[in-house]
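Open your viewer and get ready to select a few things in turn. This short tour tells you what to pick next and what you will find there.

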Amino acid sequence: MCRLAFWSMSLQCWDDALVSALVGWPPWLEASVQHSSQFWMANMYSKGTKRKFFDSVDAAMDNKAALYSRQRQSLLDMSLIKLQLCHMLVEPNMCRSVLIANTVRHIREEMTHDGSWQLVTEAFGGSGPSDHLVATEVLCRSSALEQQGGGPKLYSVMGYDGCREEEVVTDEALCSVTFSDGAPSLLGTIDHCWDRAELRMAAVENRVIKDSGSEVESGEGAKTVMGQVFGTFEIKNVAPGSDLALEELFSAVDASYYDLDTMLTSIQSTPKMGPYNLLDSMASSHGPTSNSSCRTDLSELDHIMEIIVGS
Amino acid sequence: MLHCRESARFLPEVTLGIQAKEFNLGFIRPESVSHADIISTVEFNHSGELLATGDKGGRVVIFQQELESKNQPLCRGEYNVYSTFQSHEPEFDYLKSLEIEEKINKIRWLPQKNAAQFLLSTNDKTIKLWKISERDKRPEGYNLKEEDGRYRDPTTVTTLRVPVFHPMDLMVEASPRRVFANAHTYHINSISVNSDCETYLSADDLRINLWNLEITDRSFNIVDIKPANMEELTEVITAAEFHPNQCNTFVYSSSKGTIRLCDMRASALCDQHSKLFEEPEDPSNRSFFSEIISSISDVKFSHSGRYMMTRDYLTVKIWDLNMESRPVETYQVHEYLRSKLCSLYENDCIFDKFECCWNGNDSVVMTGSYNNFFRMFDRGYRQDVTLEASRESSKPRSVLKPRKVCTGGKRKKDEISVDSLDFNKKILHTAWHPQDNIIAVATTNNLYIFQDRL
């Protein structure tokens with residue numbers, strides 16, 4: 001199936017997920033992601049023993065607290081990536097998602113207590129990392145992540161037979177966070193969500209640079225790594241000229257998005273707010289103006305992707 | 001593929017030799033070991049004569065125990081394939097653009113009331129009631145039809161005869177009698193038939209519904225832990241079960257390691273529990289993974305109804321229903337994994353959901369582990385044993401050897417070190433015959449049936 005070929009992810013095993021997620025990626029990327037994973041593994045195994053596995057550069061850090069902080073950071077990174085990877089063809093396991101999200105929250109609480117979370121906040125110029133956790137959720141189909149105020153709103157609707165409820169994630173906060181430069185709302189929403197591969201590549205690229213040897217103090221390390229991870233989810237204020245190709249691509253996508261959506265899903269007669277109403281509002285607000293209810297149905301975006309790539 | 005050999009008792013004080021039989025669920029498609037053959041549930045019926053397995057491909061395979069033969073008076077009957085049918089098909093949820101897997105999450109048998117057998121099987125969204133019946137006679141000698149089914153010209157009929165039943169080869173038919181659909185937004189993880197034999201519950205991640213077996217278009221919601229704001233969700237339901245004797249009582253477990261016992265007489269919506277079972281956390285063992293490993297993957301009442309057993313990642317706990325503060329017994333399944341939690345988190349094995357089961361008289365409990373090991377704990381003798389379900393260990397006329405995992409230091413002969421364990425070979429599903437010492441153990445796509453000698 002085109003979709004599988006394009007995203008090709010599985011949650012059976014982290015290794016499998018890495019391998020299959022890397023199908024179609026360039027070899028240098030594959031190597032770097034696996035390198036990160038092995039580096040992390042080496043860290044974990046070396047906990048409590050002599051740090052034989054560390055980079056010679058890092059051997060300078062003799063501080064046990066620094067080691068703990070680094071391991072905690074790695075755990076946070078991995079948890080966030082796990083949440084990202086949970087978007088697949090089949091609805092992800094909610095129990096697993098909730099447990100990973102709780103782990104992230106736990107780490108964040110601890111980091112808040114010892115002050116390292118503040119560094120992250122400052123690094124992003126005041127917009128809290130919670131906003132970036134918002135972004136995490138959007139990329140993860142599961143609606144089970146904790147959010148702080150201003151996170152995505154969820155609408156419960158009665159389904160077609162009256163017995164079902166459908167949860168729809170809307171990322172109002174996401175829209176409001178991500179656009180500050182008047183870029184089309186649709187651009188921001190879709191960009192953030194559909195081009196995960198490209199963004200993840202960027203994150204890993206940054207990580208490679210980091211791992212390959214700069215001296216990093218624990219605080220800064222936390223800051224930069226979290227910046228990289230969260231940076232994948234944030235749409236930066238792009239210079240107008242730099243994403244022309246992307247914008248052109250999106251403008252081509254837009255019309256077909258709604259056609260496909262209409263085609264794929266049956267129109268509901270329920271008067272309550274449903275995903276289709278949101279899409280309608282997106283259609284009507286298509287353009288540079290509206291930041292309001294933006295629905296991100298990632299799998300439908302995948303459909304779009306296939307069509308574009310396939311053609 | 002099929003082995004049968006001499007046997008002895010299970011428990012460690014006598015020689016362990018088990019009469020073993022191994023089924024490869026790929027026998028229907030022997031040319032490939034496919035994903036669809038992964039066994040996802042195993043369940044004996046109430047008499048133990050039938051054993052049902054469900055797999056990832058939505059199939060149900062039922063094994064039947066043969067009657068004891070006169071040739072081998074010391075052996076109980078063997079289990080052979082009795083019926084196979086496709087219970088669930090993959091579906092596509094067009095609203096969410098997601099696939100609905102056909103994997104059978106749970107099978108529960110109904111108590112037998114007549115010649116036919118009934119079972120409930122469920123995937124993530126839909127529960128089905130199946131009737132399994134035998135046909136071993138067929139009528140012959142119709143007046144208006146020929147033997148091959150063609151209709152006769154009525155004008156040629158000159159005499160009348162009464163059709164008679166003639167024996168035929170046994171045919172086992174499975175037909176869906178009820179389909180209980182569209183009641184769960186989230187993935188169904190448990191079903192449990194009430195002792196009143198009229199109702200049953202189905203539990204998903206956030207809700208538990210009560211059904212009447214006769215009524216498919218309605219169910220009552222009895223537990224709802226969905227928060228008003230989904231952003232505040234931190235806990236999900238992981239398993240639920242009705243009490244074996246009290247038709248008003250059920251329990252459900254959560255991902256935070258708590259078990260709630262509810263009484264349906266108290267109120268229509270059982271969000272307020274009657275009892276909350278939770279063990280205080282051990283502060284010395286606290287880590288970032290504490291919550292994950294405390295998540296309960298299975299809860300089972302004892303046959304007596306006085307105790308319940310819970311399985312979390314590293315332990316099996318026995319609770320007395322009269323004491324909520326802590327379990328009465330705790331058994332370590334694979335404590336040597338505690339130092340490996342980081343890598344088990346990385347490869348997702350820490351989220352594996354192991355099941356557990358009681359033996360017929362509640363004296364022994366059993367659960368699975370990795371490397372195709374499974375563990376039994378004798379509550380009375382305070383002994384435990386690790387056994388392996390594998391082709392090598394099931395050779396004819398050999399005993400089932402206890403296995404040991406070496407946790408550190410020098411590895412003795414026949415021990416296996418923790419780092420050599422195969423985490424892809426996991427035994428998640430086990431079942432124990434309701435009366436006899438017969439167990440069914442499911443590896444990834446093989447089913448092993450072990451029994452001891454009478």
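In which strand of chain B does B:Lys128 lie? Select that residue and you will find B:Lys128 in strand S10 of chain B. One thing to keep in mind as you look around: this is a predicted model.

**Stop 1: the lysine and its surroundings**

Keep B:Lys128 selected and switch on a surface. Is B:Lys128 buried or exposed? Its relative accessible area is 17%, and because buried means under 20%, B:Lys128 counts as buried.

Now show what surrounds B:Lys128. Beyond the neighbours within four places in sequence, B:Lys128 touches B:Ser87, B:His88, B:Leu119, B:Leu120, B:Ser121, B:Arg178 and B:Val179. Zoom in on B:Ser87: its backbone oxygen lies 2.9 Å from a polar atom of the B:Lys128 side chain. Then draw a C-alpha to C-alpha distance to B:Thr216, which should read 9.6 Å, although 88 residues separate B:Lys128 and B:Thr216 in sequence.

**Stop 2: the sheet around strand S10**

Widen the selection to the strands of this sheet. In chain B, four strands form an open sheet in the order S8-S9-S10-S11, and their pairing is antiparallel. Strand S8 (106-109) and strand S11 (164-180) stand at the edges with a single partner strand each, so one side of each has no neighbour in the sheet. Look along the sheet and you can follow its twist: on average, neighbouring strands are turned by 25° against each other, direction ignored.

Next, color S10 (residues 127-140) and S11(B). The two pair in the antiparallel sense over 13 bridges. For one place to look, pick B:Ile132; its bridge partner in S11(B) is B:Ala174. As background, strands of a sheet pair through backbone hydrogen bonds.

**Stop 3: a hairpin in chain B**

Move to strand S2 (residues 39-44) of chain B. How many of its six residues are buried? Six of the six are, leaving S2(B) mostly covered. Add strand S3 (residues 50-55) of chain B, which runs antiparallel to S2(B) and is joined to it by five bridges. Across this pair, B:Thr41 stands opposite B:Gly54. S2(B) and S3(B) make a hairpin with five residues between them, and in the turn B:Gly48 has a positive phi of about 85°.

**Stop 4: over to chain A**

Finally, select chain A and show it as a cartoon. You should find 14 helices and two strands. Of the 311 residues in chain A, 55% count as buried. Turn on the surface to finish: the accessible surface of chain A is about 13500 Å², with 58% belonging to carbon and sulfur atoms.

Terms used:
Residues are numbered from 1 along each chain as its sequence is written. Chains are lettered from A and ligands numbered from 1 in the order in which they are written. This is a predicted model: local features need pLDDT of at least 70, side-chain atom pairs count only at pLDDT 80 or more; totals for chains, interfaces and linings use all residues. Side-chain values use heavy atoms; hydrogens and water are left out. Two strands pair if DSSP finds at least two bridges between them. Axes are lines fitted to C-alpha atoms, for helices over the stretch in contact, and angles run from 0 to 180 degrees between N-to-C directions. Buried means under 20% relative accessible area, exposed over 50%, partly exposed in between (1.4 Å probe, protein chains only). Contact means heavy atoms within 4.5 Å. A polar contact is a pair of N or O atoms within 3.5 Å; within protein, one must be able to donate a hydrogen and the other to accept it, and residues adjacent in sequence count only if both atoms are side-chain atoms. Accessible areas come from the Shrake-Rupley method with a 1.4 Å probe; for residues, only the protein chains shown count as cover.
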